[in-house]
Amino acid sequence: MSFIEKKKRRWGDRRDGVWVRDIPGMNVIMAGLYPNRTDCEVCLRDELDITDLLKYIDNKNASGQKHKTKLFHCIVAMMVRIVNERRALNRFVRTQRIYERDEILVSFIAKRQFSDKAEEALVTYKARATDNIDDVSRFILGEVKEVRDQTDESTGKAKKGKKKDLTDTINSIARLPRPLLMCVTGFVRWLDRWGKVPKSLTHGDPSYSTILLSNLGSIKCPAVYHHLNNYGTNSIMMTIGTMTKKTVVRDDGTSEQRDFVDIAVTADERIADGFYFAKSIKILHFLCAHPEILDKTFDEDVELKFE
């Protein structure tokens, strides 16, 4: 399948999405009966066998490349390929209509320091057709390094005088007097409803991304359920937990130790049905078992086999 492309806008479309007109009536009715995203959450929990994926990462890092590939980078690349293959995952519901993005945005939050008082910075990766796992790794490592370089080690906050990002804008708005803050946030929510929030606020905001990832394994925490938000257009939230070793019994009766990581995915059930979500998770299992696919660019056709 070719990589997702920008579509020409027509009447009824939004700046951030194209109105999907040819969808089942059930989805249309659900969008009307359940207007809030938080009313339509479905949570999927699963464990991924990452034994082959970890071997792939070790071999890749042993090749002498300048940047180190990590498990999180691989999952980001996998989710991009899955969304490109399963376009309904790139949809969202606003004003009782279902829209589809023509770009794939994966967001996550980078902690400036591993301390309770340290601030968080928002990072969004916009996938390109010619990207592969190496490009994903370079982007994430570069963005996280920039966040950490701009951090005051004594306070865990951004250094003064650095270029402002969305986090700084949010902090500035948060300092407004409460009555004024309520007016500002109410107006922004109205703009959000009709897709008119300025790009300066939506750019880099994980609430407007295809998938919001949380790498809880980096802080030794298991995958947990995470709610969706009514604000924004994000329809999928995924948490990645800690790695564990488990004994797996083969078909011939022998056993072996394999590596697993637990995940939890919360999705808006109005954008697709349960079968569609379950099949998408199976593709994630397939990619973990065939990590060499990650070396291919996103616009390269790959045969995905799964039961």
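How many salt bridges does a search of the whole structure find? The search finds 20, a salt bridge being a side-chain nitrogen of Lys or Arg within 4 Å of a carboxyl oxygen of Asp or Glu.

This is a predicted model, so local features need pLDDT of at least 70 and side-chain atom pairs pLDDT 80 or more, while totals for chains, interfaces and linings use all residues. Residues are numbered from 1 along each chain as its sequence is written, and side-chain values use heavy atoms, without hydrogens and water.

**Overall build**

The protein has eight helices and 11 strands. These are DSSP runs, numbered from the N terminus: helices are H or I with at least four residues, strands E with at least two. Of its 307 residues, 46% count as buried. Buried means under 20% relative accessible area, exposed over 50%, and partly exposed in between (1.4 Å probe, protein chains only). About 16600 Å² is exposed, and carbon and sulfur atoms supply 54% of that area. Areas come from the Shrake-Rupley method with a 1.4 Å probe; for residues, only the protein chains shown count as cover.

**Salt bridges**

Three of the pairs are listed here.

| Pair | Closest N to O distance |
|---|---|
| Glutamate 100 and lysine 7 | 3.6 Å |
| Arginine 250 and glutamate 256 | 3.5 Å |
| Aspartate 268 and arginine 270 | 2.8 Å |

Glutamate 100 bridges to lysine 7. Glutamate 100 lies in strand E4 (residues 97-100) and lysine 7 in the segment before strand E1 (18-19), so the pair ties together parts 93 residues apart in sequence. Glutamate 100 is buried at 9% relative accessibility; lysine 7 is partly exposed at 39%.

Arginine 250 and glutamate 256 belong to a salt-bridge network that also links Asp49, Asp52 and Arg258. Arginine 250 is partly exposed at 37%, and glutamate 256 is partly exposed at 25%. Aspartate 268 and arginine 270 are both buried.

**Helix H3**

Helix H3 spans residues 71-85 and holds glutamate 85. Alanine 77 is also in helix H3. Which of these two is buried, and which partly exposed? Alanine 77 is buried, with a relative accessible area of 1%. Glutamate 85 is partly exposed at 32%.

Alanine 77 touches Ile133, Val136, Leu294 and Phe298, leaving aside residues up to four places away in sequence. Contact here means heavy atoms within 4.5 Å. Its C-alpha is 7.1 Å from that of asparagine 132, 55 residues apart in sequence.
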